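Work through the three exercises below with the sequence and the coordinates at hand. Each solution goes step by step.

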Amino acid sequence: MRDARGEALKTIERARIKMVACDLDGTLLGPGESGIEAAKEISLFLRSFGIRLTLATGRVFGSVEPLLLQLALTDPVVTNGGALVSARGEPPLMEDRIHRSSAARIATELRSLRIPFYYIAGKDMLTEWDGPETVRYSEGIGYRIEVVPVGSLQGMEPTQIVVRVSPDEADRFVESYKGRWPGSVQCVKSLPHLVEFQAKGVSKARGLAFLSSHFGLSREEVLSIGDGLNDLDMLKWAGVSGCVGNAHPEACARASYVSEKPYAEGVLDIIKKFTTPVQRK
């Protein structure tokens with residue numbers, strides 16, 4: 001196992017960590033949502049210590065909801081890339097939305113360029129694009145995308161507008177929109193093939209900070225675990241952070257500790273390191 005902060009981590013005690021915030025895809029879950037049984041064990045393990053488990057994911061809330069039931073998680077989770085904080089069956093506690101005028105300008109431009117785009121509005125995912133691209137996307141995320149008539153998205157205030165691009169084109173796409181709407185909208189690459197328009201300042205760290213405050217916790221009492229570039233901000237924000245063995249090198253460089261184990265095995269390794277007693281020297 002690799003330890004990014006060396007011997008200093010041996011002073012961390014179980015009582016310090018009161019909530020674990022874990023990324024979903026590529027961290028808690030492997031390819032094809034493998035690892036759900038291991039994730040259930042992790043949820044039970046943390047409950048046995050009285051430690052909260054939350055998720056911090058770029059997924060739309062609706063696609064996360066079935067997993068919350070399987071993991072018996074009743075606390076709010078951070079979804080939509082940090083723009084939405086909500087619990088299963090409850091209205092959102094926090095929702096950062098793109099103003100309708102900005103959303104309309106983005107939709108108009110993407111529509112004119114014939115680029116399929118997807119609105120994430122509350123807990124739903126909507127699109128005007130009825131065809132193979134939408135079918136593939138829906139099947140890939142295991143969640144129904146509702147196709148609506150052209151123009152019916154006008155006036156809506158989504159938390160995100162998502163565009164699927166070729167990994168070779170993603171950086172160039174983001175660069176072309178960078179700074180287009182300073183102060184109101186940001187354009188970010190969340191995955192190699194996914195680009196998202198969000199309200200300025202939206203991040204997993206921001207959503208996690210809100211949730212921690214909701215529970216009366218400080219950042220020092222939070223352990224964040226991730227694997228990708230869209231986890232960098234929360235890895236930096238949390239008092240302690242960890243990366244699984246399959247994580248992006250940039251994420252690993254930001255973490256307190258990097259496990260040699262991938263996916264859920266790595267998550268459990270990290271959790272045990274920081275939530276079980278250690279001897280001081």
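Buried means under 20% relative accessible area, and exposed means over 50%. The model is a predicted one.

**Exercise 1.** Determine whether Cys243 is buried or exposed, and find how far its sulfur lies from the closest cysteine sulfur.

Solution. Step 1: the relative accessibility of Cys243 is 0%, so this residue counts as buried. Step 2: the closest cysteine sulfur belongs to Cys252, at 4.6 Å from that of Cys243. Step 3: a disulfide needs the two sulfur atoms within 2.5 Å, so the distance of 4.6 Å between Cys243 and Cys252 is too far for a bond. Step 4: searching the whole structure gives zero disulfides. Cys187 is buried as well, with a relative accessible area of 12%.

**Exercise 2.** Describe how the buried residues of helix α4 are arranged, and what they pack against.

Solution. Step 1: α4 spans residues 132-141, and its buried residues are Thr134, Tyr137 and Ser138. Step 2: these three lie on the same side of α4, because they cover an arc of only 95° around the axis. Step 3: the buried residues of α4 pack against β7 (118-121), β8 (124-127), β9 (146-147), β10 (160-164) and β12 (194-199). Step 4: the face turned away from the buried side carries Pro132, Glu139 and Gly140, which are exposed. Step 5: after α4 comes Gly142, with a positive phi near 65°.

**Exercise 3.** Locate Ser102 among the helices and list its contacts beyond four places in sequence.

Solution. Step 1: Ser102 is part of helix α3, residues 100-112. Step 2: its relative accessibility is 4%, so Ser102 counts as buried. Step 3: with neighbours within four places in sequence left aside, Ser102 contacts Ser184 and Val185.

Technical notes. Residues numbered from 1 in each chain as written. Predicted model: local features only at pLDDT ≥ 70, side-chain atom pairs only at ≥ 80, totals over all residues. Heavy atoms only, no water. Buried < 20%, exposed > 50% of the residue type's maximum accessible area, 1.4 Å probe, protein only. Helix = DSSP H or I, 4+ residues; strand = E, 2+ residues; numbered from the N terminus. Arc of directions from axis to C-beta. Contact = heavy atoms within 4.5 Å.
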